[in-house]
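Q: Please take a close look at the helix packing in this model. Then set that part in its surroundings, residue by residue where the geometry is worth a comment.

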Amino acid sequence: MKHQATSTVNRGKAITLATKPKKSVWRSEGIALFFGDSLEHYHEWGQPVVIISDGGYGILGFEGDTSDHLDLPSWYESHVKAWSQYATPQTTLWFWNSEIGWAAVHPILEKYGWRYQNCNIWNKGLAHIAGNVNTKAIRRFPVVSEVCVQYTFEARIDGLQLKQWLLREWTRSGLPRRKANEACGVIDAATRKYFDQGHLWYFPPIEMFTKIQAFANTHGDPKGRPYFSLDGKQPLTAEEWGKMRSKFRCPHGFTNVWDRVPVNGSERVKASGRAVHLNQKPLDLMKRIVEASSDEGDVIWEPFGGLFTASLAAWSLRRKAFAAEIDSTYFQYGVKRFDQNLFQFE
Ligand SMILES: C[S@@+](CC[C@H](N)C(=O)[O-])C[C@H]1O[C@@H](n2cnc3c(N)ncnc32)[C@H](O)[C@@H]1O
C-alpha cells in the first residue's frame, strides 16, 4: 500500500495573507485572472492558441503538489482532458516540469491527443546550487535544470491524421500520385513531401494545398467530387487549411537549451525580504514561448497561475490571457504584479 502523503499545508510559503481577494476575477485589457480551481473555469475561457502549464512537480513544491512523480499522472489527468476538449489544431501546449515529472505525465498527454514536438531545457547553471550540494550523499550529479516541453494538438479529419487524409483524398480522385508534382509545378517534391506517411511528411503550405486541391477537383474522377472537403459539399478554404496546424516561429540563434539564471534580485516578487512564491518563472522565458507560438490578439491559458508570469508575458506582448490560481495569497500577489506593471505596457 502506498504511504500516506505528507501534508502540504502552507508548503514552501514565506508569507500567508490573512486578507482575502476583493474580487474572484481580476480583469483588464484582455486579461482575466480567476481566484479558484482552473478546472471550474475552463468553460468560460476563450479558445486557447497557447496553453502554458506549470503545475504539480511531485516535489511538495506548493500546497497541493504531490510528494513524488508517481502521483502526477492522476494530478494532471482531468486538466489534460479538459485542455484537449477546448484545443484546436492551432493550439500549442508548453508543459513545464522536472524531467521525471514530465516523463510520468507524457503518456497522459499522448492519450488525450497531444503530440510531442520538442523538449526544451532550462539550464539554471551553477547559480542554482551555489556550491551547496553534497554529491557523496545524493550520489548523482546536482540538478540545475527544468524542462519546458512543446506539444501540439493533432488535427484529424474523418478520424485521420492530416497526412493520411491528404493521401486518401488524392487516391480517391483516381489520379496517380506523381500528378501532384504537376499540380504544384515541381519536379518530385510534392509526392515525396506531402504524401509521405512517415516522419518525412511535410504539411503542405497554403499555396501548395490550394493547388493540389484545385487539380484534384478539376482533373479527378467527377463522381467523387468535391475532394479535400470537410463537409462533402465545399472544398476546404485556404484559411481553414492554414488553421490546421499550430503557430511557430523561432528567432535566429535560439536552441532548445535555455541558459538562464534562476529568478532573483528585483525580478523576484518578495514580501518582507522573502520570496513570495518559490516557483516563480523568469518572465523572459515565458515571453519567448508566447512569442514563438502565437500572434497579437491570440488567447493564452495559464491554468496554474502562481504569480501569473505567463499572463504577464502575454499581456506585455498584446495577447489575451485567462489564468487561475487556487491559493489566496499567491492570487493577491499575482494581481498586484499586474497593478504595478500596468503603466509599463501602455
Ligand atoms: C508551479 S506553480 C506556478 C508558478 C508560476 N508559473 C509563476 O511563475 O509564478 C503552480 C501553482 O498552481 C497552483 N495550483 C495548483 N492547482 C491548481 C488548480 N487546480 N487551479 C488553479 N491553481 C492551481 C498552485 O497553488 C501554485 O501556485
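A: Helix 1 and helix 2 cross in the right-handed sense. This is a predicted model, and what follows describes that prediction. Helix 1 covers residues 72-86 and helix 2 covers residues 99-111. Their axes come within 9 Å and cross at roughly 40 degrees. An angle under 35 degrees would count as roughly parallel, and 65 to 115 degrees as roughly perpendicular. Helix 1 and helix 2 are therefore oblique to each other.

A second pair can be described with the terms used for the first. Two packed helices are described by the angle between their axes and the distance between the axes. For helix 9 (residues 283-293) and helix 10 (residues 309-316), the angle is about 60 degrees and the axes are 8 Å apart. That makes helix 9 oblique to helix 10. The crossing of helix 9 and helix 10 is right-handed.

The second pair also leads to the ligand. Helix 10 spans residues 309-316, and Thr309 is one of the residues that come nearest to the ligand. The others named with Thr309 are Asn279, Phe304, Gly306 and Leu307, out of 21 residues around the ligand. By class, this shell holds nine polar, seven nonpolar and five charged residues.

On the approach to helix 9, His277 sits in the loop that runs from strand 11 (274-275) to that helix. His277 has 26 other C-beta atoms within 10 Å, where 20 or more are needed, so His277 counts as buried. Its C-alpha atom is 59 Å from that of Ser173, a residue 104 positions away along the chain. Ala271 is placed in strand 10 (residues 270-271). Ala271 has 13 C-beta neighbours inside 10 Å and therefore counts as partly exposed. Between the C-alpha atoms of Ala271 and Gly61 there are 18 Å in space and 210 residues in sequence.

Now the wider frame. The protein contains eleven helices and 13 strands. It is divided into domain 1, made of two segments (26-155 + 246-341), and domain 2 (160-242). The centres of domain 1 and domain 2, taken over C-alpha atoms, are separated by 37 Å. Along its principal axes, the C-alpha trace spans about 75 × 50 × 45 Å. Of the 346 residues in the protein, 35% are buried.

Strand 6 (residues 145-153) contains Tyr151. Tyr151 counts as buried because 25 C-beta neighbours lie inside 10 Å. Tyr151 and Asn118 are 33 residues apart in sequence, yet their C-alpha atoms are 7.2 Å apart in space.

Further along the chain comes a loop with a backbone feature of note. Asp158 lies between strand 7 (156-157) and strand 8 (160-161). Asp158 is not a glycine, but its phi is positive, at about 50 degrees. Most residues other than glycine have a negative phi, and most peptide bonds are trans. Asp158 counts as exposed because it has 10 C-beta neighbours inside 10 Å, and 12 or fewer is the limit.

Helix 6 (residues 189-194) includes Ala189. Ala189 is partly exposed, since 14 other C-beta atoms lie within 10 Å. The C-alpha atoms of Ala189 and Glu169 are 18 Å apart, with these positions 20 residues apart along the chain taken as their separation.

The loop between helix 7 (206-219) and helix 8 (238-242) holds Pro226. The peptide bond from Arg225 to Pro226 is cis, with omega near 5 degrees. Phe228 is also found in the loop between helix 7 and helix 8. Phe228 has a positive phi of about 55 degrees, although it is not a glycine. With 23 other C-beta atoms within 10 Å, Phe228 is buried, whereas Asp158, which likewise has a positive phi, is exposed.

Technical notes:
Residues are numbered from 1 along each chain as its sequence is written. This is a predicted model: local features need pLDDT of at least 70, side-chain atom pairs count only at pLDDT 80 or more; totals for chains, interfaces and linings use all residues. A residue is near a molecule or strand if its C-beta atom, placed from the backbone, lies within 6 Å of it. Ala, Val, Leu, Ile, Met, Phe, Trp, Tyr, Cys and Pro count as nonpolar, Asp, Glu, Lys and Arg as charged, and the others, Gly among them, as polar. Helices (H or I, at least four residues) and strands (E, at least two) are DSSP runs, numbered from the N terminus. Domain bounds come from an automatic or database domain assignment. Axes are lines fitted to C-alpha atoms, for helices over the stretch in contact, and angles run from 0 to 180 degrees between N-to-C directions. Angles under 35 degrees count as roughly parallel, over 145 as roughly antiparallel, 65 to 115 as roughly perpendicular and the rest as oblique. A crossing is left-handed if the near helix is turned anticlockwise from the far one by less than a right angle, and right-handed if clockwise.
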